[in-house]
Amino acid sequence: MATDRDHEMLMRRALDLAREAGERGEVPVGCVIARGDEILAEASNRREADRDPTGHAEILAIRMACARIGSWRLEGTVLVVSCEPCPMCAGAIVQARVPLVVYGCDDPKGGGVRSRYGIGVDGALNHRYELVSGVLADESASLLRVFFSRLR
């Protein structure tokens, strides 16, 4: 099982991906999916570039990881994302059978796993995942604050 140190290392990579997304004009969110010491996939938001409302970092990373291992089940993996997953992404994480989700900052307006909804952790669905929140949260929140302040 991944350690706090592993979570932080993977989150630093997710934050690098988030920064790159912000530089491209995308909401700065990055995601990494790993199994053991192997990174299966990494992605950042691409909604604007792809003109696709499902172009969230988590969805893209899930697609890549599934293609890489040849299965829709991502058992034995950890999904690390810089910001709390939205309801759409939380649902995809459930469907992909990811057992552990690690995220940076909460999303009080649209968080799908803790802040607004408990998708994947409340026991109502056929699959639940363990949740670790707050990993490098200040850095993640700062990226989002700076990005949105530039838009206003």
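How far is the sulfur of C105 from the closest cysteine sulfur, and in which residue does that closest sulfur lie? Good morning, colleagues. The distance is 4.0 Å, and the partner is C83. That is too far for a bond, because a disulfide requires two cysteine sulfur atoms within 2.5 Å. I should state at once that we are looking at a predicted model, and that every value I quote is computed from it.

Let me stay with the cysteines. The structure holds 0 disulfides. C31 is likewise in no disulfide; for this residue the nearest cysteine sulfur belongs to C89, at 8.2 Å. As for exposure to solvent, C31 has a relative accessible area of 0% and is buried. C105 is also classed as buried, with a relative accessibility of 6%. Both values fall in that class because buried means under 20% relative accessible area.

A further cysteine, C66, sits in helix α3. Its relative accessibility is 15%, so C66 counts as buried. Leaving aside residues up to four places away in sequence, C66 touches S71, W72 and L74. For a longer-range reference, one may take V121, which is 55 residues from C66 along the chain; the C-alpha atoms of these two residues are separated by 22 Å.

From C66 we may pass to the packing of its helix. Two packed helices are described by the angle between their axes and by the distance between those axes. Helix α3 covers residues 57–69 and helix α4 covers residues 87–95; their axes lie 9 Å apart, at an angle of about 20°. This makes α3 roughly parallel to α4, since angles under 35 degrees are counted in that way. The crossing of the two helices is left-handed. On the α3 side, the contact is made by E58, I59 and I62, and on the α4 side by M88, C89, A92 and I93. By class, the residues of this contact comprise 6 nonpolar, no polar and 1 charged. C89, one of the α4 residues in this contact, is the cysteine I named earlier as the nearest to C31 by sulfur position.

The second helix pair is α1 with α5. Helix α1 comprises residues 4–23 and helix α5 residues 137–151; their axes come within 10 Å and cross at roughly 5°. These two helices are therefore roughly parallel to each other as well. Here α1 contributes R12, L15, A18, R19 and G22, while α5 contributes E139, S140, L143 and F147. The composition of this contact is 4 nonpolar, 2 polar and 3 charged residues.

Finally, I turn to the backbone, and to two arginines. Which sign does phi take at R51? The value is positive, near 50°, in a residue other than glycine. R51 lies in the loop between α2, residues 47–50, and α3. With 75% relative accessibility, R51 counts as exposed.

R97 likewise has a positive phi, near 65°, and is also a residue other than glycine. R97 is found in the loop between α4 and β4, the latter covering residues 100–105. Is R97 buried or exposed? The answer is buried, at a relative accessible area of 19%; the cut-off for that class is under 20%.

To close, I return to the opening point: the sulfurs of C105 and C83 are 4.0 Å apart, too far for a bond, and the structure holds 0 disulfides. Thank you for your attention.

Key:
Residues numbered from 1 in each chain as written. Predicted model: local features only at pLDDT ≥ 70, side-chain atom pairs only at ≥ 80, totals over all residues. Heavy atoms only, no water. Axes fitted to C-alpha atoms, helices over the stretch in contact; angles between N-to-C directions. Helix = DSSP H or I, 4+ residues; strand = E, 2+ residues; numbered from the N terminus. Parallel < 35°, antiparallel > 145°, perpendicular 65-115°, else oblique. Left-handed = near helix turned anticlockwise from the far one by under 90°. Contact = heavy atoms within 4.5 Å. Nonpolar A, V, L, I, M, F, W, Y, C, P; charged D, E, K, R; others polar. Buried < 20%, exposed > 50% of the residue type's maximum accessible area, 1.4 Å probe, protein only.
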